[in-house]
Amino acid sequence: MFTGIIESVGTLRKIERLGDDIRLNVASGKLDLGDVRLGDSIATNGVCLTVVECLSDGYVADISAETVSLTGFAKYQVGTMVNLEKAVTPTTRLGGHMVSGHVDGIASVDDRQFRGKAIEFWLTAPSILARYIAHKGSITIDGVSLTVNEVIDNRFRLTIVPHTAGETTLVSLKAGDAVNIEVDLIARHLERLMTYSSDTAGVPESNVTMDLLARSGFLR
């Protein structure tokens, strides 16, 4: 689990093709690797990757064909800069939102404009993911936790404050670029809870889901 608050910008220094899979060697920049162990998770441009080799200034991780097909890693090259975040601990501040590191798909950048010192982006998401994107809801772009400021059909607007731009790769985004997106985790699970039919699964009907939703204030 991650928060979407980026800790460092790293660089892909080696990309090894292993059939349909990929092995990455990532230079981790200022990321503190002192507590990173073999098997730990590091979100790399929003993708939860398992460390298979610890290096003094980076790490090695494998990416499956499934992940490659859903993310920008299919087109990344040596030298590509990536946002990095280590997995949360029980004492980590949840400064962003709950991020799983399981990217849902790719969105395209339509427009970039300055609004004062901030950068405003319009992006287009795949239609199948648009229903999870809500005004003032959360979305993860290349691993960065952001607030959606406007939604029109499957297009949405983001405003990047100077600090976030300066500490992530978002400062270099331009029209035509593709980004990894992870929609809100709660929205996905709520949809599953609301649409799942226990009758078709052959199990007894349960009111647990509806009871939880009612007590949470979603049903009024």
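Let me begin with one residue, arginine 13, which is partly exposed, with a relative accessible area of 33%. Please keep in mind throughout that what we are looking at is a predicted model.

Arginine 13 has a partner, since it forms a salt bridge with aspartate 57, and the closest N and O atoms of the two are 2.9 Å apart. This pair links distant parts of the chain, with arginine 13 in strand S1, residues 8-18, and aspartate 57 in the loop between strand S4 (47-55) and S5, 44 residues away in sequence. Aspartate 57 counts as partly exposed, because its relative accessibility is 38%. As a general point, side chains of opposite charge can pair when their charged atoms come close.

With that pair in mind, let me step back to the chain. There are six helices and twelve strands, and of the 220 residues, 41% count as buried. The chain exposes about 11900 Å², and carbon and sulfur atoms supply 53% of that area. If we take the contacts with a separation of 6 or more, residues 24 or more positions apart account for 67% of them.

Strand S5 gives us an example of such contacts. Alanine 61 is found in this strand, which covers residues 58-63, and alanine 61 is buried, with a relative accessible area of 0%. Which residues is alanine 61 in contact with, leaving aside its neighbours within four places in sequence? The answer is Ile22, Arg23, Leu24, Leu49, Thr50 and Val52. For isoleucine 22, the separation from alanine 61 is 39 residues in sequence, while the C-alpha to C-alpha distance is 8.5 Å.

Arginine 23, which we have just met as a contact of alanine 61, also forms a salt bridge with aspartate 62, and here the closest N and O atoms are 2.6 Å apart. Once again the pair links distant parts of the chain, with aspartate 62 in strand S5 and arginine 23 in strand S2, residues 21-27, the two being 39 residues apart. Both partners are partly exposed, aspartate 62 at 33% relative accessibility and arginine 23 at 31%.

How many salt bridges does the structure hold? There are twelve, and I would like to show you one more of them, between arginine 157 and glutamate 150, whose closest N and O atoms are 2.9 Å apart. Salt bridges that share partners join these two residues with Arg115 and Glu120 into one network. Is arginine 157 buried or exposed? Arginine 157 is buried, because its relative accessible area is 16% and buried means under 20%. Glutamate 150, on the other hand, is partly exposed, with a relative accessible area of 28%.

Let me turn to the backbone, and to two aspartates in loops. Most residues other than glycine have a negative phi. Aspartate 142, however, has a phi near 50°, a positive value in a residue other than glycine, and aspartate 153 likewise has a positive phi, of about 55°, although it is not a glycine. Where do they lie? Aspartate 142 is in the loop between strand S9 (138-141) and strand S10 (144-152), whereas aspartate 153 is in the loop between S10 and strand S11 (155-160). Their surroundings can be set side by side as well, for aspartate 142 is buried, with a relative accessible area of 4%, while aspartate 153 counts as exposed at 70% relative accessibility.

On the surface, Met1, Val88, Leu94, Met98 and Ile186 form a nonpolar patch, and together these residues have about 430 Å² of accessible area. One of them, valine 88, lies in the loop between strand S6 (81-86) and strand S7 (105-115), and at 31% relative accessibility valine 88 counts as partly exposed.

Finally, a word on cysteines. A disulfide is a covalent bond between the sulfur atoms of two cysteines, and how many of these does the structure hold? The structure holds zero disulfides. Cysteine 48 counts as partly exposed at 25% relative accessibility, and cysteine 54 also counts as partly exposed, at 40%.

Key
Residues numbered from 1 in each chain as written. Predicted model: local features only at pLDDT ≥ 70, side-chain atom pairs only at ≥ 80, totals over all residues. Heavy atoms only, no water. Patch = residues over 30% accessible without salt bridge, like charges linked within 9 Å, V, L, I, M, F, W, Y side chains within 5 Å. Areas by Shrake-Rupley, 256 points an atom, 1.4 Å probe, with all protein chains shown as cover. Salt bridge = Lys/Arg side-chain N within 4 Å of Asp/Glu carboxyl O. Helix = DSSP H or I, 4+ residues; strand = E, 2+ residues; numbered from the N terminus. Buried < 20%, exposed > 50% of the residue type's maximum accessible area, 1.4 Å probe, protein only. Contact = heavy atoms within 4.5 Å. Disulfide = S-S within 2.5 Å.
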